[in-house]
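Here's a quick tour to read with the model open on your screen. Grab a coffee and keep the viewer handy.

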Amino acid sequence: MSVLHRRTLLQAMALAGVGTALKPLALLASATPSVRPMPTGKLADWFILHNDRPWALETRRAAYGIAPITPQSAFFVRNNLPTPPESIIANRDGWRFEVSGVARPGSLTLAELKALPTRVVASVLQCSGNGRAFFPHRPSGSPWSLGAAGCALWTGVRVADVLEHFGGALEEAQYLTATGAEDLPEGVDADQVVVERSIPLDKGMDDCLLAWEMNGEPLPLVHGGPLRLIVPGYYGVNNVKWVRRLAPTAAESGAKIQVSGYRVREVGESGGPQHPSMWRMNVKSWLNGPGGDGGPVVAGKAMLYGVAFSGERGVSRVEVSADEGQTWREADFVGPDLGPNAWRSFVLPVELAAGEYRFVSRATDRQGDTQPADATPNHRGYGHNGWRDAALTVNVVNTLPAAAEPEPGESVHQNAVATPTAAVDTPLSPLAREGRAVYLDRAQPACGACHTLADAGSAGVTGPNLDVLKPGADRVRLAVEQGVGAMPAFDALLTETEIEALAAYVAEATR
Ligand code: HEC
């Protein structure tokens with residue numbers, strides 16, 4: 001209770017009195033600082049936490065090994081909406097999904113699905129925004145650098161076999177549309193927030209899977225278990241989790257996440273169907289070690305290692321440079337080639353004297369595409385594959401320093417995410433007070449329908465808890481103007497002044 005500042009309590013009580021669309025009673029529970037446990041199976045030390053609601057966990061460079069499969073315990077997580085409850089994996093085989101847009105529409109349980117021919121594919125999952133942190137225009141959304149990617153083995157049934165089971169796709173179908181089973185916030189148009197994505201039907205028929213195993217284990221809840229769509233070689237968002245409906249459709253989904261979200265456009269432009277969708281992943285590589293965690297490496301022989309991939313194509317060559325791309329040396333692939341959608345590990349033996357090095361890698365795929373030095377800036381910071389930004393800095397020393405205690409706050413050495421305590425009670429500026437009114441009334445759908453913010457007495461659970469995220473004013477302004485993932489954009493609904501005020505308010509109230 002001591003952490004709830006006085007203003008918050010008074011406001012919570014005042015709100016309870018006036019009656020509001022929000023649920024102030026939930027506030028007391030949600031504003032209590034808590035330790036949010038990591039999702040099942042995740043090792044906290046291996047991640048950079050961007051968000052705990054919805055989860056956004058970036059794999060640390062040093063957590064990637066050399067073998068081409070990323071273990072579940074270190075596999076990145078990026079969810080557009082909060083994870084459905086554990087109860088949906090209590091009886092995995094009983095999970096039922098609908099199939100429409102076929103000759104004989106119907107449904108199947110996972111148990112029934114498992115009776116169809118089983119396949120295993122290796123495929124990289126990568127968030128569209130992986131590398132966003134490198135773009136100088138600071139796009140809204142989680143600032144991923146390299147670790148929003150992993151490579152896993154997926155077990156499932158081909159979409160083609162599933163559609164065949166229901167008599168085949170209807171003739172007019174051009175796309176394959178999958179819908180996730182996330183809970184949607186009340187009072188918000190479902191199309192605005194639902195995670196529903198479409199891909200070309202030909203792609204769906206070619207190599208997509210409905211998968212229930214990841215790396216030989218039941219698909220973890222946070223990765224879409226009991227059942228997710230795997231679209232080999234396509235960006236993460238297309239690999240819909242918790243699939244509850246699969247349908248060949250004549251048109252692409254009308255959901256915001258398809259129509260305007262995940263579209264590549266110039267900086268400053270709003271997304272629309274005229275812009276390319278984030279489908280096939282471009283050619284990319286980076287080095288993970290040694291010294292991927294920034295720690296010192298002892299002088300002498302060393303093995304540089306990293307990963308390289310290109311959606312649907314596989315890679316044919318990786319080169320490494322120690323002089324910002326003036327000269328290159330070809331690296332060797334190591335370990336098995338798991339197919340055109342997996343990543344390949346590469347190594348390059350080097351002899352290092354003491355000093356600081358910046359190594360970069362550049363992959364070429366089997367169709368001859370080579371990574372550019374610099375990625376093309378685009379509004380939301382998608383598809384970064386420039387080799388320069390991905391440099392691995394290695395600090396080589398003659399002798400290792402004596403083991404030091406970790407800096408306080410450097411890493412959370414327990415399997416949980418600490419929630420910061422509430423802010424000090426400082427009065428709001430006049431601008432922020434205006435912003436408070438925007439937060440409470442003027443923004444529609446209301447910010448509080450999806451976010452928790454103690455000062456405003458809101459306890460929404462669809463988006464990040466703003467008291468925990470503590471976004472600065474710039475980050476709020478960008479998110480509100482542009483929208484992020486399942487969050488709608490408000491640029492057409494609020495004036496610039498209102499957005500400025502809102503940004504000041506959220507920043508001050510969570511400071
Ligand atoms: C329909 C639900 C919904 C509404 C309404 C909504 N948000 Fe969000 N918001 C989200 C979700 C979901 C995310 C996480 C987005 C992601 O990472 O994909 C988010 C993310 C954010 C972020 C973090 C952005 C970042 O850079 O990671 C901020 C700040 C934010 N919202 C502020 C607001 C404010 C202020 C309002 C009111 C104008 C608002 N939101 C309205 C759902 C919503």
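What follows is a briefing on this structure, sorted by topic.

Keep in mind that this is a predicted model. The protein chain has 511 residues, and 50% of them are buried. Its secondary structure adds up to 12 helices and 26 strands. Take the contacts between residues at least 6 apart in sequence: 72% of them join residues at least 24 apart.

**Around the ligand**

- The ligand is surrounded by 33 residues, and the closest are Cys447, Cys450, Gly463, Gly485 and Met487.
- Three elements each give two or more residues to this shell: helix H9 (447–450), helix H11 (473–482) and helix H12 (496–509).
- Which helix supplies the largest share of the shell? That's H11, with 4 residues.
- By residue type, the shell splits into 23 nonpolar, 9 polar and 1 charged.
- Two domains chip in with at least three residues each: domain 1 (6–35 + 420–509) and domain 2 (46–259).

**Helix H11 and what it packs on**

- H11 has these buried residues: Val476, Arg477, Leu478, Ala479 and Val480. Note that a charged residue type, Arg, is on that list.
- What do the buried residues of H11 pack against? Their partner is H12.
- Right after H11 ends, Gly483 has a positive phi of about 75 degrees.

**Leu431, a residue to click on**

- Leu431 sits in helix H8, which covers residues 430–442.
- Is Leu431 buried or partly exposed? Leu431 counts as partly exposed because it has 17 C-beta neighbours inside 10 Å, while a buried residue would need 20 or more.
- Setting aside neighbours within four places in sequence, Leu431 is in contact with Glu500, Ala501 and Ala504.
- Leu431 and Ala504 are 73 residues apart along the chain, yet their C-alpha atoms are separated by 6.7 Å.

**The four-stranded sheet**

- An open sheet of 4 strands runs in the order E15-E17-E21-E20, with antiparallel pairing.
- Its edge strands are E15 (284–289) and E20 (332–334), and each of them pairs on one side only.
- On average, neighbouring strands of this sheet are turned by 40 degrees against each other, direction ignored.
- E15 is joined to E17 (residues 300–309) by 5 bridges, and the two run antiparallel. Look for Lys284, whose bridge partner in E17 is Phe309.
- E17 and E21 also run antiparallel, joined by 9 bridges. Here Ala308 has Arg344 in E21 as its bridge partner.
- E20 and E21 (residues 344–352) pair in the antiparallel sense over 3 bridges. Phe333 stands opposite Phe346 in E21.

**The three-stranded sheet**

- Another open sheet has 3 strands in the order E2-E3-E4, and the pairing is antiparallel.
- Why is one side of E2 and of E4 left without a neighbour in the sheet? E2 (47–52) and E4 (77–78) stand at the edges with a single partner strand each, so one side of each has no neighbour there.
- E2 and E3 (residues 55–59) run antiparallel and are joined by 5 bridges. Within this pair, the bridge partner of Ile48 in E3 is Glu58.

**Strand E5 and its partners**

- In a regular strand, side chains alternate between the two faces of the sheet.
- Strand E5 (residues 96–99) has a covered face made of Phe97 and Val99, and an uncovered face made of Arg96 and Glu98.
- E5 pairs with E6 (residues 106–109) in the antiparallel sense over 4 bridges. Arg96 has Thr109 in E6 as its bridge partner.
- E5 and E6 form a hairpin with 6 residues between them. In that turn, Gly101 has a positive phi of about 75 degrees.
- E5 also pairs with E14 (residues 243–249), this time in the parallel sense over 2 bridges. The bridge partner of Val99 in E14 is Leu246.

Note on methods: Residues numbered from 1 in each chain as written. Predicted model: local features only at pLDDT ≥ 70, side-chain atom pairs only at ≥ 80, totals over all residues. Near = placed C-beta within 6 Å. Domains from an automatic or database assignment. Pairing = 2+ DSSP bridges. Axes fitted to C-alpha atoms, helices over the stretch in contact; angles between N-to-C directions. Buried ≥ 20, exposed ≤ 12 C-beta atoms within 10 Å, placed from the backbone. Contact = placed C-beta atoms within 7 Å.
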